[in-house]
Amino acid sequence: MELLTGAGLASAAGLNAWLPLLLLGAAARWTDVVALPDGWAWLSEPGVLAVLAVLLVVEVLADKVPGVDHVNDALQTVVRPLAGGVAASAGTGGATAG
């Protein structure tokens, strides 16, 4: 189950870099659905969740402005694979309920 969780989160990061990380951190912080391993516990810290939420809003808004959209896509070409790796590592190493 953890392998499928990691693969799903990594795939979602290809579409939006911050949303899977935000959802994973929020699920680990406020539910018992996901238990992150010790090395990834920082992902559920309030400050990290706030930064991820702000980055998500910036990414969604930047997508709506034509000139900014191209710059954002260029930056996200590097960021999305990194976010996918973090999501896959945290999701695969975590424990899911069930």
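## Overall architecture

Along the sequence, the elements of the protein succeed one another in the order α-α-β-α-α-β. The secondary structure thus consists of four helices and two strands. The coordinates are those of a predicted model.

Of the 98 residues of the protein, 34% are classed as buried. The accessible surface amounts to about 5600 Å², and carbon and sulfur atoms contribute 73% of this area. Among contacts with a separation of 6 or more, 68% join residues 24 or more positions apart.

## Confidence of the model

The mean pLDDT of the protein is 77, and 77% of the residues score at least 70. Confidence is highest in α3, at 90, and lowest in strand β2 (residues 95-96), where the mean is 51. Where pLDDT is low, the predicted coordinates should not be interpreted in detail.

## The annotated segment 41-62

The unreviewed UniProt entry annotates residues 41-62 as "transmembrane region". In the model, this span is 77% helix and 0% strand. The C-alpha atoms at the two ends of the span are 29 Å apart.

Helix α3 comprises residues 46-62, and a loop connects β1 (34-35) to this helix.

## Environment of S44

S44 is located in the loop between β1 and α3. Is S44 buried or exposed? Its relative accessibility is 13%, and S44 therefore counts as buried, the cut-off being under 20%.

Which backbone atom does the side chain of S44 reach? The partner is the backbone oxygen of A41, at 2.9 Å. With residues up to four places away in sequence set aside, S44 touches G25, A28, R29, L36 and L49.

## The aromatic pair

One aromatic pair is found in a search of the whole structure. The pair is formed by W40 and W42, with a centre-to-centre distance of 5.9 Å and an angle of 40 degrees between the planes. Why is the pair described as tilted? Planes under 30 degrees apart count as stacked and those over 60 as edge-to-face, so the 40 degrees between W40 and W42 place the pair in the tilted class.

The two members of the pair can also be described by their accessibility. W40 has a relative accessibility of 23% and counts as partly exposed. W42, with a relative accessible area of 39%, is likewise partly exposed. Both values fall between the limits of 20% for buried and 50% for exposed residues, which means that neither W40 nor W42 belongs to the buried or the exposed class.

Key. Residues are numbered from 1 along each chain as its sequence is written. This is a predicted model: local features need pLDDT of at least 70, side-chain atom pairs count only at pLDDT 80 or more; totals for chains, interfaces and linings use all residues. Side-chain values use heavy atoms; hydrogens and water are left out. Buried means under 20% relative accessible area, exposed over 50%, partly exposed in between (1.4 Å probe, protein chains only). Contact means heavy atoms within 4.5 Å. Accessible areas come from the Shrake-Rupley method with a 1.4 Å probe; for residues, only the protein chains shown count as cover. A polar contact is a pair of N or O atoms within 3.5 Å; within protein, one must be able to donate a hydrogen and the other to accept it, and residues adjacent in sequence count only if both atoms are side-chain atoms. UniProt positions are given in the numbering used here, feature names are shortened, and annotations may be inferred rather than shown by experiment. Rings of Phe, Tyr and Trp (its six-membered ring) pair if their centres lie within 6.5 Å; planes under 30 degrees apart count as stacked, over 60 as edge-to-face and the rest as tilted. pLDDT is the predictor's confidence in each residue, from 0 to 100.
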